[in-house]
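Work through the exercises below with the model open. Try each task before reading its solution.

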Amino acid sequence: MDSQHQHFETRSVHSGVAKDSSYNSVITPIYPSSTFYWDDLQTTKGYDYTRSGNPTRTGLEQNIAALEGGIDCRATCTGMSAITAVLHMFQPGDHIIASDDIYGGTYRLFADVFTRQGLEFSFVKMTDAANVQAALQPNTKCVWIETPSNPLMNIVDIAAVVEIAQSAGAITVADNTFLSPYLQRPFEFGVDIVLHSTTKYINGHSDVVGGAIVTRQKEHAENVAYLVNALGLGCSPFDAWLVLRGVKTLAPRMKAHQRGAQALAEMLDAHPAVEKVYYPGLPTHPQHELAKRQQKGFGAMMSFDVAGGRPAAEHVFKTATLYSLAESLGGVESLFEYPESMSHASMTLAARREAGITEKTIRVSVGIENPDDLVADMKQALDSI
Ligand SMILES: *Cc1c(COP(=O)(O)O)cnc(C)c1O
């Protein structure tokens, strides 16, 4: 059966899997070989050196490409290395428009490292697509989309931004980490390149860091493959094997994540110790309708403002036992995170306040525990402030 006609769950279990005919293993083996011997000067079995390609990595790449609906994927050793590879598609003097609330590591790479290499960046409030139009320059080559944003869950209208970029001859790249291909497929809105930190939902078990770049045009696929090999960014066979194991359960995990998230958001929204909840699944979210139209679900990331500021937040971190205070997201276990002094500490205080991040803001990555337990645990922590 042609995998394009299979359902998502089926593709995630079967794509890139069962490749070994020597012993008929049901899963893709790990091939921890740096090099592959030639049968003669003309003939290999498709691999010669693991930096350039590895059968285990190929399995993962076929799987993620099938889930996003692309023609090719390259699996990299981190999300940041996927972004690094894509940035190398551009030349000094090229201009890239990005949102002003993109992932902090991406912001640092753009504003610091690649600015020194001669790329130019404009950071705009992308919740209003008109700001992208206004930032266009004759040398604009790319519009960088990340939606929903971290930590306040602002949503970018992907189709509107793609239209503006296309009219200016710029390509669009979407960082799809926060929703995973199960909940959002940017190619359906005309995006050119999709990338992931597979560290998050795609692997889903908080036990590996990785990235992926998915393309839908031959020219981009060839360029990205060339760059990942030339820069040496491909992931190890061991990591590829772990992520391939994780991705097979992406669909049932995302369903379970969302059940807990919706229940938690509704409890938080009604709780007197909570001033504001940032979750696109609540009808009060200013972009609830856009999220409904563009996403296949609301995801499991949210933030909320706790009344009482830092002392109240610290009380919640100590008192809720099912949530660990940790960076990262997208794993089966629920995590708390305090943007003010953790993920967004590298922003200036003024920039945090401008973005809406305060000492009240708590971010939650909702895991797949039973929603009743997640709600009860958070509620007792808030009740006892
Ligand atoms: C985590 C993350 C990254 C960076 O990925 P690493 O695997 O940590 O290198 C990039 N974008 C988003 C949206 C992320 O959440």
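**Exercise 1. State the domain bounds, then describe how the domains meet.**

Solution. The model is predicted. Start with the bounds: domain 1 spans 3–247 and domain 2 spans 250–383. Next, take the centres over C-alpha atoms: domain 1 and domain 2 are 26 Å apart. Then list the contacts, with heavy atoms within 4.5 Å as the cut-off. On the domain 1 side, 37 residues take part, and they meet 39 residues of domain 2.

**Exercise 2. Locate the ligand and sort its shell by class.**

Solution. Begin with the site: the ligand occupies the largest pocket. Now collect the residues around the ligand. They are Thr78, Gly79, Met80, Tyr103, Glu146, Asp175, Thr177, Phe178, Ser197, Thr199, Lys200 and Gly210. Sort this shell: three residues are nonpolar, six are polar and three are charged.

**Exercise 3. Find polar partners for ligand oxygen, then state how much of the ligand is covered.**

Solution. Use N or O pairs within 3.5 Å. Take the backbone first: a polar backbone atom of Met80 lies 2.9 Å from a ligand oxygen. Turn to side chains. An N or O atom of the Ser197 side chain is 2.8 Å from an oxygen of the ligand. For the Thr199 side chain, the distance from such an atom to a ligand oxygen is 2.7 Å. Finish with coverage: on its own the ligand has 390 Å² of accessible area, and the protein covers 92% of this.

Definitions and conventions
Residues numbered from 1 in each chain as written. Predicted model: local features only at pLDDT ≥ 70, side-chain atom pairs only at ≥ 80, totals over all residues. Heavy atoms only, no water. Near = heavy atom within 4 Å. Polar contact = N/O pair within 3.5 Å; in protein donor to acceptor, adjacent residues only side chain to side chain. Areas by Shrake-Rupley, 256 points an atom, 1.4 Å probe, with all protein chains shown as cover. 1 Å grid on protein atoms, 1.4 Å probe; cavity = no way out; pocket = protein on both sides within 12 Å on 5 of 7 lines; lining within 4 Å. Sits in = over half its atoms within 2 Å of the grid points. Nonpolar A, V, L, I, M, F, W, Y, C, P; charged D, E, K, R; others polar. Domains from an automatic or database assignment.
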